[in-house]
Amino acid sequence: MTDGFLAPEEIVERIWARDPMLWTGRDEGRWLGWLDEPRRGEQEVETLAELVDGVAGLTDDIVLLGMGGSSLAPEVLRVAMQADRFHVLDTTHPRAIRELEARIDPGRTLFVVASKSGTTLETRAHAEYFWSRAPKGDTWIAITDPGSDLERLGRERGFRAVISGEPTIGGRYSALSPFGLVPAALMGMDVGRLLARTREMSDATRGVTGNPALALGLALGEGWHAGRDKICIDGNAGSFGLWVEQLLAESTGKHGKGLIPAPGVSGAGADRQLHTVDIADPYDLGQEFFKWEFATAVAGALLGINPFDQPDVQAAKDRTNEVLKAGDAALESEGSLAEIAEQATSGDYIAIQGFIDPTPAATERLWAVARELEARTGCVPTVGIGPRYLHSTGQLHKGGPNSGLFIQVIDEVGEELPIPGMPFGFGRLIRAQAAGDFASLKERGRRVVRVRLRDLEEVS
């Protein structure tokens, strides 16, 4: 036994045995399909190569439409491969959608619609919008779980391919499933090489000696028990930190517990753990994906939670739907940065939630505020872009510990951008998402304010 916990040998054995009693004894065992993905994916390498060959010369750009687990791993891979003609759309901000459309020729673009459930509102809206610009199935691919509405839609519209996900894998554990491998192949990665490297990590997790994933998971969980619940991922991790952020936050942030990920933040502080991610080569990513997935499962056991569910994610979605049905949301400032900073106490963290056009300049502006608030309060800062973070850290914000200081930042969305077949446009949608999440946080007694992007000079 280790510090009163299960012996490391038993943790490893029970993970590979798919034993739900390692966690809460409910349905955890059925969500461990990600353990098999390195081997399962190797059986699809030739099929993926045929898919890539089939679209060669037909298109100039590739646009992936997805949210959360369907978009973050492809974004990590895109950055690592420097795939400039591969675009990931995971915002509903009208200006950002218009900007992307201006950069591509929809008629010469391959659209990849990725949603495990097939019903993700943002992804459905993106798909309808761009289908109205390029309604030819030969340049569309769907990735979704069997039997979903998206699968049906892809068949009806004659998509070039409708690719099935693995139903025993949750979205945030899907990086090495078709949700990650199809984009990887399309942006030019040697998927066979990626998976061969991943198999090395997978094999290492079957024992205790030389098992870096077990060591990481134990450090995460034991650090949490020691009061170090802020997981700082060093800045060298780059976009990989965003993927880790979702994995940790959505997996562990529930029942008042949670590991609070903070990509790009220093580990100097009594409530912090610093973890270094060294990715020297894009093909290291497969190993890192698997290592962190396994480590999160280990940490979940030490926290005594189910790391595969997300019981509080639906709350913001329900509130968004209520706002949409009621009409357009009028977003007004509520509270101030000074007010939220005054409420900070030891062990708190700052979560800036930007429902803004996610340009590099605007995102850096949010980070400048975050760094100043960290200096002023000593609290770990995080920055999330809405609505993406609703599918990432949103579970932690509502189900985790009540230690967050939430700052919602809004901007002007500009002229409305209609969504074909829907009774609202993207502007109304993003306002409803902001309003819905704000209301959901307040219902849970969270400390939250709303400010406008143009007013952030007050802390500059």
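**View 1. Helices H4 and H11 are roughly antiparallel to each other.** This view, like those that follow, is taken from a predicted model. The orientation follows from an angle of about 165° between helix H4 (residues 72–81) and helix H11 (residues 240–252), because angles over 145 degrees count as roughly antiparallel. The two axes are 8 Å apart, and the crossing of H4 and H11 is left-handed. H4 contributes Leu-72, Ala-73 and Val-76 to the contact, and H11 contributes Phe-240, Leu-242, Trp-243 and Gln-246. By class, six residues of the contact of H4 with H11 are nonpolar, one is polar and none is charged.

**View 2. Phe-240 and Trp-243 form a tilted ring pair within helix H11.** In a search of the whole structure, 16 aromatic pairs are found. In the pair shown here, the ring centres of Phe-240 and Trp-243 are 5.4 Å apart and the planes lie at 35°, so the pair is classed as tilted. Both residues belong to H11 and are three residues apart, about one turn of the helix. An α-helix has 3.6 residues a turn, so residues three or four places apart point the same way. Phe-240 has a relative accessibility of 1% and therefore counts as buried. Trp-243 is also buried, its relative accessible area being 2%. Phe-240 and Trp-243 are among the residues of H11 that make the contact with H4.

**View 3. Glu-288 of helix H12 is a buried residue.** Helix H12 spans residues 285–303 and includes Glu-288. The relative accessibility of Glu-288 is 9%, so this residue counts as buried; the cut-off for that class is under 20%. When neighbours within four places in sequence are left aside, Glu-288 is in contact with Phe-240, Trp-243, Val-277 and Ile-279. Two of these contact partners, Phe-240 and Trp-243, lie in H11.

**View 4. Helices H1 and H12 are roughly perpendicular to each other.** Helix H1 (residues 8–16) and H12 cross at roughly 110°, and their axes come within 11 Å. Angles of 65 to 115 degrees count as roughly perpendicular, so the pair falls in that class. The crossing of H1 past H12 is right-handed. On the H1 side the contact is made by Ile-11, Ile-15 and Trp-16, and on the H12 side by Phe-290, Phe-294, Ala-297, Val-298 and Leu-302. The contact of H1 with H12 consists of eight nonpolar residues, with no polar and no charged ones.

**View 5. Helices H8 and H9 are oblique to each other.** The axes of helix H8 (residues 178–186) and helix H9 (residues 191–204) cross at roughly 135° and come within 10 Å. Leu-181, Ala-184 and Ala-185 of H8 make the contact with Val-191, Leu-194 and Leu-195 of H9. The contact of H8 with H9 has six nonpolar residues and no polar or charged residues.

**View 6. Helix H8 is largely enclosed by the rest of the structure.** This description applies because nine of the nine residues of H8 are buried. The buried residues of H8 are Pro-178, Phe-179, Gly-180, Leu-181, Val-182, Pro-183, Ala-184, Ala-185 and Leu-186. Among them, Leu-181, Ala-184 and Ala-185 make the contact with H9. Just after H8, Gly-188 has a positive phi of about 100°.

**View 7. Trp-131 and Trp-140 form an edge-to-face pair within an aromatic cluster.** The 16 aromatic pairs of the structure include Trp-131 with Trp-140. The ring centres of Trp-131 and Trp-140 are 5.5 Å apart and the planes are at 70°, so the pair is edge-to-face. Trp-131 and Trp-140 are both buried. Ring pairs join these two residues with Phe-111, Tyr-129, Phe-130, Phe-159 and Phe-426 in a cluster.

**View 8. Ile-385 is a buried residue of strand E10.** Strand E10 covers residues 380–385 and includes Ile-385. With 8% relative accessibility, Ile-385 counts as buried. Apart from neighbours within four places in sequence, Ile-385 is in contact with Gly-354, Ile-356, Pro-358, Thr-363 and Leu-366. Ile-385 and Gln-408 are 23 residues apart along the chain, and their C-alpha atoms are separated by 9.8 Å.

Note on methods: Residues are numbered from 1 along each chain as its sequence is written. This is a predicted model: local features need pLDDT of at least 70, side-chain atom pairs count only at pLDDT 80 or more; totals for chains, interfaces and linings use all residues. Side-chain values use heavy atoms; hydrogens and water are left out. Axes are lines fitted to C-alpha atoms, for helices over the stretch in contact, and angles run from 0 to 180 degrees between N-to-C directions. Helices (H or I, at least four residues) and strands (E, at least two) are DSSP runs, numbered from the N terminus. Angles under 35 degrees count as roughly parallel, over 145 as roughly antiparallel, 65 to 115 as roughly perpendicular and the rest as oblique. A crossing is left-handed if the near helix is turned anticlockwise from the far one by less than a right angle, and right-handed if clockwise. Contact means heavy atoms within 4.5 Å. Ala, Val, Leu, Ile, Met, Phe, Trp, Tyr, Cys and Pro count as nonpolar, Asp, Glu, Lys and Arg as charged, and the others, Gly among them, as polar. Buried means under 20% relative accessible area, exposed over 50%, partly exposed in between (1.4 Å probe, protein chains only). Rings of Phe, Tyr and Trp (its six-membered ring) pair if their centres lie within 6.5 Å; planes under 30 degrees apart count as stacked, over 60 as edge-to-face and the rest as tilted.
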